[in-house]
Amino acid sequence: MAFSVEAEPYAAVAEFVEIALSEAWTELDLQLAESLTRAPSDPHAAVVDIGAGGGRGVLAVGRSMPIGPIVAVEPSAPMRAVLLSRLALDPELLRGRTTVLPTDLAGADLPGRWSAALALNMLGHLEPTQRRRLWDMAADRLLPGAPLLITVQPPYTVTAIPEMDWGSVPVGRQSVVTSGRAEPDGPKSVVWHITYRVVEGRQVLREERMSHRWYVLDVAGLCAELDDAGLRAEAVGDRLICAVRR
């Protein structure tokens, strides 16, 4: 059975995404910094962030790699609004270096030489053929020693996941509470249904929902795909994979 998926799933919830992921990004920032500081320094090679979202990956690049252009690919207009707002706060380190492409991977005109590449919290948005295209591009364009950094997220198989509480983040006297459930959607994907609630005390002030398709992949499957493309992968943390050209 196929479930309804919104054409622009972030339209109603973009304001909450960064807040909901803030705790997860605390650990991920440290892991990214460790990997990016070892990336080759080349002012003419670009760092490419596929599915840049609100720009946390771009910010990590700016902190760890002070030279070279950054290309951020983000198809969602609401998420680009968050990204561009973040760039505006740092005109020297980020805004002057970062080009934002309002498209997906298929429509992106990407540089020919990459000093690093990011695919963070977005891999499940890519169909298997799109993933293979990304791996082939990375194998062709990454400089020797340049990292391709990828996060892998559950579910790792097509399965139903009941409603789960993903935590609460305080914002002033209110809190943003996130929950989600998943339903199978064919042999390779699930549909996530995610709810964001703004709560003050015991009162729910707002409730916004999103639904999006997610193509499942586990770490072993990812490493096999990367190996087929000529990339050597290793785990940096529980959910971060670093791949380089063989």
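Before I count strand pairs, a rule for myself: two strands pair if DSSP finds at least two bridges between them. I also keep in mind that this is a predicted model.

**Entry 1: a parallel pair.** I started with strand β2, residues 70-73. It pairs with β3 in the parallel sense, over 4 bridges. Which residue in β3 is the bridge partner of I70? I looked it up, and I70 is matched with T98.

**Entry 2: the sheet around that pair.** Next I followed the neighbours and found an open sheet of 7 strands, with mixed pairing. I wrote its order down as β3-β2-β1-β4-β5-β11-β10. Which strands stand at the edges? They are β3 (98-101) and β10; each has a single partner strand, so one side of each is left without a neighbour in the sheet. On average, neighbouring strands here are turned by 15 degrees against each other, direction ignored.

**Entry 3: helices on this sheet.** I checked two helices. Helix α2 (residues 22-36) lies across β4 (114-119), β5 (148-151) and β11. I noted an angle of about 160 degrees between α2 and β5. Helix α4 (residues 77-88) lies across β2 and β3, and runs at about 170 degrees to β3.

**Entry 4: another sheet.** I then turned to an open sheet of 4 strands, in the order β6-β7-β8-β9, where the pairing is antiparallel. Its edges are β6 (161-171) and β9 (203-215); as each has a single partner strand, one side of each is left without a neighbour in the sheet. The twist from one strand to the next averages 20 degrees. How many bridges join β8 to β9? I got 12, with β8 covering residues 189-200 and the two strands running antiparallel. Along the way I saw that V199 stands opposite V204 in β9.

**Entry 5: domains.** I looked up how the chain is divided: domain 1 takes 13-152 + 217-245, and domain 2 takes 161-215. Their C-alpha centres lie 24 Å apart. The contact takes 17 residues from domain 1 and 15 residues from domain 2.

**Entry 6: a pocket.** Last stop was the second largest pocket, with about 150 Å³ of space. What lines it? I listed S35, R38, A39, G145, P147, R232, A233, E234, C242, A243 and V244. The elements giving two or more residues to that lining are β10 (231-235) and β11 (240-245). Sorted by class, I have 6 nonpolar, 2 polar and 3 charged residues in the lining.

Technical notes
Residues numbered from 1 in each chain as written. Predicted model: local features only at pLDDT ≥ 70, side-chain atom pairs only at ≥ 80, totals over all residues. Heavy atoms only, no water. Axes fitted to C-alpha atoms, helices over the stretch in contact; angles between N-to-C directions. 1 Å grid on protein atoms, 1.4 Å probe; cavity = no way out; pocket = protein on both sides within 12 Å on 5 of 7 lines; lining within 4 Å. Points joined across faces, edges and corners; volume = space filled by probe spheres on them. Nonpolar A, V, L, I, M, F, W, Y, C, P; charged D, E, K, R; others polar. Domains from an automatic or database assignment. Contact = heavy atoms within 4.5 Å.
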